[in-house]
Amino acid sequence: MLKTDEHYMYEALKLAVKGGRNVAPNPMVGAVIVKSGRIIGRGYHHQFGGAHAEAEAIRSVKNPALLPGSTLYVTLEPCRHYGKTPPCSDLIASVGIEDVVVGSEDPMQHKFRIQDSGFRMEFVSGKVAEECKELNKFFFTWITKKRPYITVKIAMSADGFVAGEHGQPVHFTSQKQDRYVHQLRAQHQAILVGIHTVLNDDPALTVRLAEGADPLRIVLDSQFRIPRNAKVLKDANHLIATTKKRVERGMNIWVSPTKKQVSFKKLFTYLATQGISSVLVEPGPTLYRALKVQGLIDEMIVLTGKKKIKKGLRLLP
């Protein structure tokens, strides 16, 4: 890979991140078009169902006569199938782009690779390829595992406790760490907590210290104990996951087909069918252990504060 390839791919990456949660569950994708060592077009996927990055980049070229013989740098493999938009591969070939440099493979395109695209395609390697793949970890999990990417966030004291002695909430983190947590909430489509967190802490689970939309608030409540005045129920952007068949006015309820405990796997499968590709879990010890035993943690983030409380609940006994 030429050094210039890496440079242009990073330019495409800068564009891709602008899509953020607006494109979910679709991937974030950025693209630049280069001719004679100069960028002549830029584009990125702005919102779910909208034009793809490649089409945006081609449309941005002021002089279409420059497109034949140019090179397209795109962070994700161009699509070759009809979805909400026509295949990008057809558009790329039709304008005369001869070379396409790709940041990461798209697992959805595997069965289409035998087709002749009408242009040469090269995949990058190294650090920039890893960053292109990392950018769309939510999408890749949603496609390959048919469930959302699960990020678990834990806050604990300097001496290793996650709550007070009887489960009462204790604030461990700094203002900087708090802002980071709200950034995580803004990046994920949904946030999940257990009923004990709601009963003990009554969290709002909203985004207040960062820019971005609130995630869908999910409460794991097998026995349906949630109070009607819980903060998570302040608007329609919530989901109660339970085993009890209930119809409650003003509550959005999903009933697990299991009898005693909500099935994580069935819940996550359901969320995936609703276009949810990422869930941030802020668990207590019981919820954390259950997810860990079932192998449903994709990423673990532990924030340790400076405070020591000497007694309390630990993540693991």
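Here's a quick tour of this protein, from its overall build down to a few individual residues. Keep in mind that the model is a predicted one. The protein has nine helices and 12 strands, and 50% of its 317 residues count as buried.

**The big picture**

- Measured out along its principal axes, the C-alpha trace spans about 70 × 45 × 30 Å.
- Look at the contacts with a separation of 6 or more: 66% of them come from residues 24 or more positions apart.
- The accessible surface of the protein adds up to about 16,100 Å², and carbon and sulfur atoms own 52% of that.
- On the charge side, there are 46 positive and 29 negative charges, and their mean positions sit 9 Å apart.

**The largest nonpolar core**

- As background, nonpolar side chains in soluble globular proteins tend to be buried together.
- Here, the largest nonpolar core has 26 residues, and the members touching the most others are L192, L267, F268, L271, V279, V281 and L291.
- Which elements build this core? At least two residues each come from β6 (149–156), β7 (190–194), β8 (216–220), β9 (238–242), α8 (264–273), β11 (278–281) and α9 (285–293).
- Zoom in on V279: leaving aside residues up to four places away in sequence, V279 touches P148, Y149, I150, T151, H188, A190, L192 and L271.
- Another core, of 23 residues, lies apart from the largest one, and its members include V29, I33, V61 and V102.

**Strand β6 and its partners**

- Is β6 enclosed or open? Seven of its eight residues are buried, so the rest of the structure largely encloses this strand.
- β6 pairs with β11 in the parallel sense, over four bridges.
- To spot this pairing in the structure, find T151, which stands opposite L280 of β11.
- β6 also pairs in the parallel sense with β12 (residues 299–304), this time over six bridges.
- For that pairing, look for A155, whose bridge partner in β12 is L303.

**Helix α2 and its cover**

- Which residues of α2 (residues 53–60) are buried? They are A53, E54, A55, A57 and I58.
- Some helix background helps here: an α-helix has 3.6 residues a turn, so residues three or four places apart point the same way.
- The cover over the buried residues of α2 includes three strands, β1 (30–35), β2 (38–44) and β3 (71–74), along with the helix α3 (88–94).

Definitions and conventions:
Residues are numbered from 1 along each chain as its sequence is written. This is a predicted model: local features need pLDDT of at least 70, side-chain atom pairs count only at pLDDT 80 or more; totals for chains, interfaces and linings use all residues. Side-chain values use heavy atoms; hydrogens and water are left out. Buried means under 20% relative accessible area, exposed over 50%, partly exposed in between (1.4 Å probe, protein chains only). Contact means heavy atoms within 4.5 Å. Accessible areas come from the Shrake-Rupley method with a 1.4 Å probe; for residues, only the protein chains shown count as cover. Lys and Arg count as positive and Asp and Glu as negative; His and the chain ends are not counted. The place of a charge is taken as NZ of Lys, CZ of Arg, CG of Asp or CD of Glu. A nonpolar core is a set of buried Ala, Val, Leu, Ile, Met, Phe, Trp, Tyr and Cys residues joined through side-chain atoms within 4.5 Å. Two strands pair if DSSP finds at least two bridges between them.
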